[in-house]
Amino acid sequence: MDCPAHLRALNDGQRAAAEHGLCDAAGVHIPGPLLIIAGAGTGKTNTLAHRVAHLILTGTVPDRILLLTFTRRAAAEMTRRAQRILAGARAAKKPSAAGMAGEISWSGTFHGIANRLLREHADSIGLDPSFTVLDRADAADRLNFVRNEIGLAKTEARFPRKDTCLAIYSHTVNARCRLADTLESAFPWCAEWETELKGLFRAYVEAKQRENVVDYDDLLLYWANMMEEPTLAWLLGERFDHILVDEYQDTNALQAEIIGTIS
């Protein structure tokens, strides 16, 4: 079987990755997940974009592909590349490419995709769909307000600053570990404040819930919690046929858990 025209720019290894799980040139079906391990400059992004296009050109509905990246710029670039490949196939009058260009809608960062899904299913998880997302600076300020409110800014010994407190909170959430483990492994100089930090984080969570705001860490945490509900997990699992993750080595424990539950 001849190599499809839209994959001819790839080398053998890249093409194998782009076609994985589908029928290869010999008509052999290779099922299962695929982890690509490759160094810088080996064409990982290009290969992933070709896989997205190849999936669509072989019959996958575009909005049943979930493409996750770590920056909005990377997501936009990946989508642009895939659309160019589709447009090329369209220009070559490939019948299956008709109408496909410009329809890759589920491409974005983990946090961006989480935001979309949570707003869709907010009512099912007890979340107001009109919630506001705090960026890192706003989250640190909100945490600092709570820190002052409960008197931790006036301790005799210096209590950790707001940015450090937020970093400790974020690490604990994303690593899916106990606060004590976070302090021991990453912030040993703050270990003496474990009890106070627990109280601070509890008050911070309660304040966010009262004000209908979430921070970046909450986006992932709510998404993970949503996947613990069997009905919602089934709905999300049925929604996507393919889940593609760029730079998978950068995923943290919480992100990896989410991917595992929907794949």
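A residue is called buried when its relative accessible area is under 20%, exposed when that area is over 50%, and partly exposed in between (1.4 Å probe, protein chains only). By this definition Gln 255 is buried, because its relative accessible area is 4%.

The model is predicted: local features need pLDDT of at least 70, side-chain atom pairs count only at pLDDT 80 or more, and totals for chains, interfaces and linings use all residues. Residues are numbered from 1 along each chain as its sequence is written, and side-chain values use heavy atoms, with hydrogens and water left out.

**The whole chain**

Begin with the full view. The protein has eleven helices and five strands (DSSP runs numbered from the N terminus: H or I of at least four residues for helices, E of at least two for strands). Its C-alpha atoms fill a box of roughly 75 × 40 × 30 Å along the principal axes. Of the 263 residues, 41% are buried. Among contacts (heavy atoms within 4.5 Å) with a separation of 6 or more, 66% join residues 24 or more positions apart.

**The sheet**

Select strand 1 (residues 65-69), strand 2 (107-109) and strand 5 (242-245). They form an open sheet in the order 2-1-5, with parallel pairing (two strands pair if DSSP finds at least two bridges between them). Strands 2 and 5 are the edge strands, each pairing on one side only. From one strand to the next the twist averages 25° (axes are lines fitted to C-alpha atoms, and angles run from 0 to 180 degrees between N-to-C directions).

Next, show the side chains of strand 1. Ile 65, Leu 67 and Thr 69 point one way, Leu 66 and Leu 68 the other, and all are buried. Four bridges join strand 1 to strand 5, and three join strand 1 to strand 2. Leu 67 has Leu 244 as its bridge partner in strand 5 and Ser 107 as its partner in strand 2. Leu 68 is bridged to Val 245 in strand 5.

**The cores**

Keep Leu 68 selected. Leaving aside neighbours within four places in sequence, its contacts include Phe 110, Ile 113, Trp 223, Ile 243 and Ile 259. Leu 68 is also among the residues with the most contacts inside the largest nonpolar core, together with Ile 168, Leu 197, Leu 200, Phe 201 and Trp 223. That core has 51 residues; a nonpolar core is a set of buried Ala, Val, Leu, Ile, Met, Phe, Trp, Tyr and Cys residues joined through side-chain atoms within 4.5 Å. Helix 8 (residues 194-211) supplies its largest share, six residues. Apart from this core lies another, of 16 residues, among them Leu 48, Val 52, Leu 57 and Ile 85.

**Aromatic pairs**

The whole structure holds six aromatic pairs (rings of Phe, Tyr and Trp, the last by its six-membered ring, with centres within 6.5 Å; planes under 30 degrees apart are stacked, over 60 edge-to-face, the rest tilted). Select Phe 70 and Phe 110, a tilted pair at 5.3 Å centre to centre with 45° between the planes. Phe 70 lies in the loop between strand 1 and helix 3 (72-91) and Phe 110 in helix 4 (residues 110-121), so the pair ties together parts 40 residues apart in sequence. Phe 70 is partly exposed, at 32% relative accessible area, whereas Phe 110 is buried at 1%.

Move to Tyr 169 and Tyr 204, an edge-to-face pair at 5.3 Å centre to centre and 85° between the planes. Tyr 169 is in helix 6 (residues 162-175) and Tyr 204 in helix 8, 35 residues apart. Both are buried. Adding Phe 201 to the selection completes one aromatic cluster of these three residues.

**Charges over rings**

Now select Arg 116 and Trp 106: the charged end of Arg 116 sits over the ring, 3.6 Å from its centre (NZ of Lys or CZ of Arg within 6 Å of the ring centre and within 35 degrees of the ring normal). Arg 119 lies over the face of Phe 131, at 3.8 Å from the ring centre.

**Helix 11**

Finish at helix 11 (residues 253-262), which contains Gln 255. Not counting residues up to four places away in sequence, Gln 255 touches Phe 70, Phe 110, His 111, Leu 220 and Asp 250. Ala 253, in the same helix, is partly exposed at 39% relative accessible area. With the same exclusion of sequence neighbours, Ala 253 touches Asn 174, Ala 175 and Arg 176. Its C-alpha atom is separated by 26 Å from that of Glu 192, 61 residues apart along the chain.
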